[in-house]
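Please open the model in your viewer and keep the sequence panel beside it. The stops below are meant to be selected one after another.

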Amino acid sequence: LVMVFYGSNGKSNPVSMENKVEHQAKNQITYDVHLPSDLGMLYKVRLGLQSLENSISQLSLCHFKMQNTSTLDTFSLTINKTLPLSLNGDRWIEFPVEWPLKEALSVITYHLTVFSRNILSERNLVHMTACIYGTHGDTGDRSLLWSLQDVQQGEENESFLVIVDAVELGELDKVVLLISSKTDCKLDIKKLHLKEAVKEHPIYVFEVNEAFSVDANKPEIQREIPVSFVIRGDKQKNDIDNLLKEGSQAGNLTEYTIKVYTGDKRGAGTDANVHIILFGNEDKSEVFQLSQSLEHQNPFERGKVDTFKIKTKKLGNLHSIEIGHDGKGFASGWFLEKVEITDASRDSVYCFNCNR
């Protein structure tokens with residue numbers, strides 16, 4: 001078992017979990033870990049198994065707790081995940097470290113699409129990993145050929161999708177490929193597309209355009225590929241905005257900005273699906289699901305503010321709202337502090353206090 005710790009000043013070397021503390025409870029192991037003092041404030045931990053050559057077992061991880069023995073600052077997290085320890089399985093899980101009064105990063109599912117020519121026919125003999133780098137660190141080496149999705153195969157070209165779960169990487173800047181094979185072969189990789197699963201844009205494009213001659217008796221090939229360009233989707237967004245603006249000018253649509261404040265109390269956040277209805281002196285809106293927060297991938301967390309934009313018919317002056325959730329998920333109870341709604345067309349801000 002190996003852990004890598006990420007801090008504001010860099011990351012640790014892989015820390016082997018060897019220094020066990022004696023007299024442990026059943027199904028619980030405690031380790032003493034000595035980290036470099038210059039890591040700064042910890043924000044992420046990656047945990048996995050380093051050597052899998054002879055292992056086909058699985059490891060179920062239930063709970064993780066970490067304490068700084070000098071300050072007694074404590075972080076704990078329920079994981080409840082099983083590492084898929086098959087030979088080519090993804091060996092790592094990542095989670096953000098949350099400290100009091102410090103906003104933690106989110107765990108994000110990334111979609112990495114590989115465009116190639118002949119990898120699929122060689123996939124059982126080839127081992128290929130990618131390490132994705134961004135402004136918030138890296139993913140470590142993740143296997144690319146263990147669970148392929150959305151496979152497209154033609155005579156000359158092919159593509160496949162790889163799903164990577166990682167703590168938010170920020171702006172992406174490079175991918176490092178490691179390629180090895182049990183037999184001599186040539187692998188033709190054209191490019192990589194990388195984006196967040198829940199967003200259409202931005203798409204980070206990494207042009208490779210290289211045929212790799214892999215020798216079974218030589219060390220693995222390493223190639224660093226910087227981002228070539230980013231597809232932002234701004235033109236598409238502008239087109240939609242212009243259409244909506246025309247609709248507003250025709251008197252059809254009004255845009256409201258909704259800020260939702262979740263209280264800073266124990267258990268205040270919720271994973272349930274939240275909806276809202278707006279009531280004005282001229283009309284009432286339809287039911288809107290508040291799912292796409294402009295700030296956070298996981299909305300309605302303790303002490304956080306989430307902003308949503310909706311477009312609906314003219315409602316006039318707002319006098320009330322209905323807001324609630326469907327109770328889905330574990331511990332779905334939610335402490336709502338207040339809701340602020342801005343109607344830019346009227347230059348008005350409405351505040352609805354809840355505090356319950």
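Which residues does threonine 129 touch, not counting residues up to four places away in sequence? Select threonine 129 in this predicted model, and display its surroundings: the residues it touches are Asp141, Arg142, Ser143, Leu144, Val176, Leu177 and Leu178, once those up to four places away in sequence are set aside. Threonine 129 is found in strand E9, which covers residues 126–134, and it counts as buried because its relative accessibility is 6%, under the 20% limit.

**The whole chain**

Now zoom out and colour by secondary structure, where the chain shows two helices and 25 strands. Of its 356 residues, 40% are buried, and the chain exposes about 20,500 Å², of which carbon and sulfur atoms supply 46%. Among contacts with a separation of 6 or more, 66% are between residues 24 or more positions apart.

**Strands E8, E15 and E16**

Select residues 107–116 and 185–196 next, which are strands E8 and E15; these run antiparallel and are joined by seven bridges. Within this pairing, phenylalanine 115 stands opposite lysine 191 in E15. Add residues 203–214, strand E16, and you will find nine bridges joining E15 to E16, again in an antiparallel arrangement, with cysteine 185 opposite valine 214 in E16. The connection from E15 to E16 is a hairpin that passes through six residues. In the loop between these two strands, go to proline 202, where the peptide bond from histidine 201 is cis, with omega near 0°.

**The surroundings of aspartate 73**

Move to aspartate 73, in the loop between strand E5 (59–67) and strand E6 (74–83). Aspartate 73 is classed as partly exposed because its relative accessible area is 41%, which lies between the limits of 20% and 50%. Beyond its neighbours within four places in sequence, aspartate 73 is in contact with Met66, Gln67, Asn68 and Trp99. A distance label drawn between the C-alpha atoms of aspartate 73 and tryptophan 99 should read 8.2 Å, although the two residues are 26 residues apart along the chain.

**Two residues with positive phi**

Stay with strand E6 and select asparagine 80, which is placed in that strand. Phi of asparagine 80 is near 50°, a positive value in a residue other than glycine, and this residue is exposed, with a relative accessible area of 57%. Then go to aspartate 150 in strand E12, residues 149–153, where phi is likewise positive and near 50° in a residue other than glycine. Aspartate 150 is also exposed, at a relative accessible area of 52%.

**Aromatic rings**

Show the aromatic side chains as sticks; a search of the whole structure finds six aromatic pairs. In the pair formed by phenylalanine 300 and tryptophan 334, the ring centres are 5.2 Å apart and the planes stand at 65°, so the geometry is edge-to-face. Phenylalanine 300 lies in the loop between E21 and strand E22 (305–312), and tryptophan 334 in the loop between E23 and strand E24 (336–343), so the pair ties together parts that are 34 residues apart in sequence. Both of these residues are buried. Elsewhere, select Phe64, Phe75 and Phe95, which form one aromatic cluster.

Two lysines are worth adding to this view. The charged end of lysine 174 sits over the ring of tyrosine 133, 4.6 Å from its centre, while the charged end of lysine 338 sits over the ring of tyrosine 261, also 4.6 Å from the ring centre.

**The open sheet and the loop after E21**

For the last stop, select strands E21, E20 and E23, which form an open antiparallel sheet in the order E21-E20-E23. Its edge strands are E21 (288–289) and E23 (318–325), each of which pairs on one side only. Strand E20, residues 274–280, is joined to E21 by two bridges, and isoleucine 276 stands opposite phenylalanine 288 in E21.

From there, follow the chain into the loop between E21 and E22, where histidine 296 lies. Is histidine 296 buried or exposed? Histidine 296 is buried, with a relative accessible area of 13%, and its side chain makes a polar contact of 2.9 Å with the side chain of aspartate 306. Apart from its neighbours within four places in sequence, histidine 296 is in contact with Glu103, Lys304, Val305 and Asp306.

Notes. Residues numbered from 1 in each chain as written. Predicted model: local features only at pLDDT ≥ 70, side-chain atom pairs only at ≥ 80, totals over all residues. Heavy atoms only, no water. Helix = DSSP H or I, 4+ residues; strand = E, 2+ residues; numbered from the N terminus. Buried < 20%, exposed > 50% of the residue type's maximum accessible area, 1.4 Å probe, protein only. Contact = heavy atoms within 4.5 Å. Areas by Shrake-Rupley, 256 points an atom, 1.4 Å probe, with all protein chains shown as cover. Pairing = 2+ DSSP bridges. Phe/Tyr/Trp six-rings, centres within 6.5 Å; stacked < 30°, edge-to-face > 60°. Lys NZ or Arg CZ within 6 Å of the ring centre and 35° of its normal. Polar contact = N/O pair within 3.5 Å; in protein donor to acceptor, adjacent residues only side chain to side chain.
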